[in-house]
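Biologist: Could you pick one part of this model and go over it closely for me, then tell me what else is worth a look? Please spell out your cut-offs as you go.

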Amino acid sequence: MKQTPLYEEHLKAGARIVPFAGFLMPIQYTGIIDEHCAVRRSMGMFDLSHMGELRVTGQNMIQAVDRLMTNDIATLDVHQARYTPMCYPDGGIVDDLLVYRFQDHLMLVVNASNIDKDMRWIQDHIADGVDVENVSDSVALIAAQGPAASAFVQSLTDTDLNSVGYYHFAAGPVAGVKSVISRTGYTGEDGFELYVAADDAPGLWQALRREGEPDGLKLIGLGARDTLRLEAGYMLFGNDIDQTTSPLEAGLAWTVKFLDSDFVGRGALERQKAEGVRRRMVALEMLDRAIPRAHFPIKAEANQVGELTSGTFSPTFARGIGLGYVSTESARVGAEVTIEIRDQPHPAHLVRKPIYKRQGA
């Protein structure tokens with residue numbers, strides 16, 4: 001199992017360590033509910049250094065990457081990032097990722113479990129004259145998220161972060177460490193993700209703890225990251241999306257640029273759009289105390305209409321919540337369904353995504 005540059009810091013902080021996507025990662029420090037609520041109410045800090053970073057260079061890099069992504073990469077401005085699926089020719093999802101545009105290169109941030117697969121896929125399908133380099137081992141990623149996080153990061157840098165809009169980034173020192181400061185995140189809260197050299201990560205982590213803990217900063221493990229992203233309606237690759245699902249089924253039609261340039265998978269997705277998808281991603285809330293989990297059947301009037309892909313206890317709403325796919329005719333907000341748990345039906349209803357939306361968002 002691999003370790004991130006912050007592994008020793010997690011041990012010092014008393015984290016519970018578990019295997020995840022080939023890495024030894026902190027699942028929790030003080031407890032999932034405590035950490036989750038800290039991010040919703042104040043701020044938390046995450047080690048996301050297991051994520052992969054691929055550097056793309058070459059004269060035609062933008063057009064080449066644009067052809068591999070369903071979303072519009074060609075119109076990215078320098079210092080802008082964009083979320084996009086990357087699809088196979090049949091419309092199934094290779095991965096969902098972020099594309100960052102720098103002055104002289106692009107950075108693709110991919111899921112940890114997909115680094116090698118994505119690298120092979122891109123190298124096999126990228127245009128001639130465009131180079132792709134896996135720089136994941138040399139890059140660390142630290143996220144600060146929550147209502148107080150933006151002001152906290154601003155207090156540690158001279159870079160004007162008020163001018164950095166959502167899905168934009170700037171370069172500058174944070175606590176004296178050279179950083180790419182990105183207004184992105186996967187929690188449903190405001191905050192920044194800080195890309196730094198791997199060797200600089202422990203020093204930055206220690207500085208952030210030292211300066212932030214007196215004001216309520218807490219260390220956050222993967223457990224709370226999962227409950228936060230699920231409340232916010234964000235997909236987890238391998239659970240909610242994979243090569244058997246399409247962006248249209250997953251509610252990601254807004255990421256598919258049908259009116260723009262060609263891209264891998266366009267033909268299959270155009271056919272799917274014309275014919276109509278047979279299933280759709282939905283969110284649900286339990287109406288009793290049961291906790292839904294992945295692969296539990298979703299039923300309507302005793303007939304199975306779908307299956308959960310993610311489920312958990314929501315600390316924010318104090319009830320079970322989940323994501324899953326149901327038949328298109330069953331995907332109606334407000335519809336009553338049952339979740340089969342150990343052969344027993346438990347009542348739930350379908351709700352709008354995201355389940356949680358921060359005030360002012």
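Modeller: Let's start with Asp 343, which is exposed, its relative accessible area being 64% (exposed is over 50%, buried under 20%, and partly exposed in between, with a 1.4 Å probe and protein chains only). Bear in mind that this is a predicted model, where local features need pLDDT of at least 70 and side-chain atom pairs count only at pLDDT 80 or more, while totals for chains, interfaces and linings use all residues. Numbering runs from 1 along each chain as its sequence is written, and side-chain values use heavy atoms, leaving out hydrogens and water.

Asp 343 sits in the loop between β19 and β20; strands here are DSSP runs of E with at least two residues, helices are runs of H or I with at least four, and both are numbered from the N terminus. Its phi is near 65°, positive although the residue isn't glycine. Arg 342 belongs to the loop between β19 (336-341) and β20 too, and has a phi near 50°, again a positive value in a residue other than glycine. Arg 342 is exposed as well, at 72% relative accessible area.

Carry on past β20 (344-351) and you reach the segment that holds Pro 354. The peptide bond between Lys 353 and Pro 354 is cis, with omega about -5°.

Now for the interior. The largest nonpolar core contains 44 residues, and Phe 46, Tyr 100 and Leu 269 are among those with the most contacts inside it. By nonpolar core I mean buried Ala, Val, Leu, Ile, Met, Phe, Trp, Tyr and Cys residues joined through side-chain atoms within 4.5 Å. Elements giving two or more residues to this core include β7 (93-101), β15 (279-286) and α7. Leaving aside residues up to four places away in sequence, Leu 269 touches Cys 87, Leu 248 and Phe 263, among others, contact being heavy atoms within 4.5 Å. A separate core of 27 residues includes Leu 161 and Leu 208.

Finally, α7 (residues 222-231) also packs against α2 (residues 32-41): their axes come within 8 Å and cross at roughly 50°. Those axes are lines fitted to C-alpha atoms over the stretch in contact, with angles from 0 to 180 degrees between N-to-C directions. The pair is therefore oblique, the label for whatever is not roughly parallel (under 35 degrees), roughly antiparallel (over 145) or roughly perpendicular (65 to 115). Residues meeting there include Ile 32 and Val 39 in α2, with Ala 224 and Leu 228 in α7.
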